[in-house]
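Student: I am new to this structure and would like a close look at a single part of it. Could you take me through one sheet slowly, together with what lies around it?

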Amino acid sequence: MRVYLETFGCQMNELDSELVRSNLLSLGYSFVDRPDDASVILFNTCSVREQAEQKAWSRIGIVGQRKKAGEKLILGVLGCMAERDGLDMLRRHPQVDILCGPGELDRLPHLLGNMRSITDDRPARADRVALAGNSNRRTATLEAAQDGLEALDLSRSFDPAHSLAGKASAYVRITRGCNKFCTYCVVPHTRGAEVHRPPDHIVDECKRLADQGVIEVTLLGQTVNHYRYTHGRALTIEGLELPQVGPGLSAFRTPLGGASAGSGAAGDRTTTFADLLFRIHEEVPALQRIRFVTSYPRDFSDEALKVMAQSPRICPYLHAPAQSGSDRILKLMNRGYTVTQYLEFVDRAFKIVPDLSLAGDFIVGFPTETDADFEATCDLVRRVPFKNNFIFKYSPRPGTVAYDRIPDDVPDEVKRWRNNRLLAIQSERSAEVHASWVGRTLPVFFQDTRSIRRAPIAAGAALVGATIEGLAPATQPAPEVNGIGSWQAIGRTAGDLIVAVPAATVADADALVGSIRLVRITESGDLLLKGQFA
Ligand code: 5AD
Ligand code: SF4
């Protein structure tokens with residue numbers, strides 16, 4: 001059967017899709033690039049903001065029309081929308097055949113098998129199948145801590161012909177779920193409670209990826225620095241370690257900046273986040289870049305920062321969202337820190353980690369956000385040398401505390417204005433941060449062809465926004481701009497700064513894929529650096 005799989009949303013979803021894909025490939029399914037060529041269409045969905053859901057709804061609608069017109073197709077909705085809408089989606093959207101939440105992805109082949117036998121034998125539309133709507137966090141957690149999801153992670157295909165396809169960069173999950181319950185966020189509701197993978201599983205996965213030519217791994221967790229595994233607590237009867245439900249936030253309730261934050265209690269043998277980073281760095285020397293996202297700004301131990309500072313292949317990069325610069329809004333968001341505490345963390349991080357790059361996220365227009373609250377956010381962006389920030393308009397999410405308790409009272413045009421204003425301030429900040437790198441010679445990683453075939457861009461010209469999302473792939477070589485050739489290769493520094501280097505031909509640019517090269521930085525703008533090979 002030919003499968004089309006489309007992914008919406010975050011890096012966690014991209015990894016989930018990769019695992020689903022390699023799982024189905026090993027069972028004899030094949031994958032196609034266009035929905036029109038497929039008999040099974042799978043959407044791996046995201047519920048973090050309404051916009052992401054709407055995109056998925058429009059795709060689901062198109063498949064519905066094809067089915068109405070008589071095409072025999074299986075439509076599966078995977079991921080957070082499946083979890084959030086549950087059986088309601090099957091009732092309201094008869095074109096959906098399969099629902100499979102993020103905590104059930106290991107069972108997708110079984111669901112597809114069921115569905116195929118139904119559609120093969122009879123055209124009945126009533127017997128659709130679902131494994132989701134598992135809104136009971138406790139059940140979801142226990143299941144996740146048992147073996148289903150871990151088996152999916154462990155079954156990752158290392159066959160380059162399958163999932164990796166010669167990629168030099170890969171994601172590795174270290175933690176599932178989230179315990180934070182920020183009041184705006186659906187993630188704790190859709191992905192369940194925090195569950196940590198055994199360190200041996202993670203290190204082994206990194207080794208196997210490195211054996212296949214991967215030189216960069218990005219460790220994934222919603223609050224990645226909360227990683228903590230206490231040995232000997234959860235074992236199979238054969239004595240093998242199992243994923244472990246997180247210890248809860250009390251484990252981190254030590255004074256901010258305290259050297260012991262996140263370390264084990266007396267007598268426990270615990271692998272902390274710092275220990276895990278160190279193990280991967282020491283035990284997988286073939287990995288040239290070890291990165292991690294997303295950090296929760298509280299509870300980041302000095303130990304982890306020191307490991308970053310002392311380990312040359314751990315990237316000096318933090319994505320640590322502040323979300324707001326107003327203490328009142330941070331409290332309403334249940335973020336658990338004040339602006340002063342965020343600034344203390346940033347200060348500590350910059351002191352301990354040389355050449356640190358810092359990125360983050362902000363939400364504008366959170367309910368009750370006043371002009372003064374927003375100004376405080378602008379001040380924070382002016383004070384902290386963020387290299388970039390992802391800026392989102394608040395999107396009320398059913399099921400969250402903010403949705404239930406605080407009316408979405410900031411008008412959309414105000415949200416939009418604040419979004420643009422903060423982007424403009426961030427652009428100035430990014431330009432300053434980038435300018436400080438001019439004249440340095442840095443290793444730059446050229447990740448894949450997708451990032452290479454881009455038109456030349458004059459520094460800072462015609463580009464708005466503070467993220468690389470504004471860069472559209474070029475299909476034609478663009479005319480020469482500012483002395484830079486017809487093509488340019490785009491890579492990233494260890495601190496995740498984007499660097500453009502001229503390439504005479506597409507073949508020259510392609511030849512760089514998967515390599516790390518030294519580049520002398522000659523120019524900078526708000527979105528990227530430019531340089532020449534050293
Ligand atoms: N509305 C807007 N942005 C949100 N985010 C999470 N939930 C919402 C929401 N309801 C943003 C946060 C988070 C990022 C992944 O998405 O900034 O860090
Ligand atoms: Fe959502 Fe907050 Fe958890 Fe991040 S830390 S996933 S924003 S609840």
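Tutor: What follows is a walk through one open sheet, strand by strand, and then through the helices that lie by it.

This is a predicted model, in which local features need pLDDT of at least 70 and side-chain atom pairs count only at pLDDT 80 or more, while totals for chains, interfaces and linings use all residues. Residues are numbered from 1 along each chain as its sequence is written, chains are lettered from A and ligands numbered from 1 in the order in which they are written, and side-chain values use heavy atoms, with hydrogens and water left out.

The names of the elements come from DSSP runs, numbered from the N terminus, with helices (H or I) of at least four residues and strands (E) of at least two. The sheet is open and has 3 strands in the order E7-E10-E14, with parallel pairing; two strands count as paired if DSSP finds at least two bridges between them. Strand E7 (169-173) and strand E14 (289-293) stand at the edges with a single partner strand each, so one side of each has no neighbour in the sheet. Direction ignored, neighbouring strands of this sheet are turned by 25° against each other on average, where axes are lines fitted to C-alpha atoms, for helices over the stretch in contact, and angles run from 0 to 180 degrees between N-to-C directions.

Strand E10 (residues 216-220) pairs with E14 in the parallel sense over 5 bridges, and the pairing of E7 with E10 is likewise parallel, over 5 bridges. Some of these pairs can be followed residue by residue. On the side of E14, glutamate 216 has arginine 289 as its bridge partner, and valine 217 stands opposite isoleucine 290. On the side of E7, arginine 173 stands opposite leucine 220 of E10.

How many residues of E10 are buried? The count is 5 of the 5, so E10 is largely enclosed by the rest of the structure; here buried means under 20% relative accessible area, exposed means over 50%, and partly exposed lies in between, with a 1.4 Å probe and protein chains only. Glu216, Thr218 and Leu220 point one way from the strand, whereas Val217 and Leu219 point the other way, and all are buried.

Two helices lie across these strands. Helix H10 (residues 199-211) lies across E7 and E10 and runs at about 165° to E7, while helix H11 (residues 273-283) lies across E10 and E14 and runs at about 155° to E14. A further helix, H12 (residues 302-310), has Asp302, Ala304, Leu305, Val307 and Met308 as its buried residues. The buried residues of H12 pack against H11, E14, strand E15 (317-319) and helix H14 (339-352), where contact means heavy atoms within 4.5 Å.

For comparison, there is another open sheet of 3 strands, in the order E8-E9-E12 and with antiparallel pairing. Its edge strands are strand E8 (175-176) and strand E12 (244-245), each of which pairs on one side only. Strand E9 (residues 195-196) and E12 run antiparallel and are joined by 2 bridges, and histidine 196 has glutamine 244 in E12 as its bridge partner.
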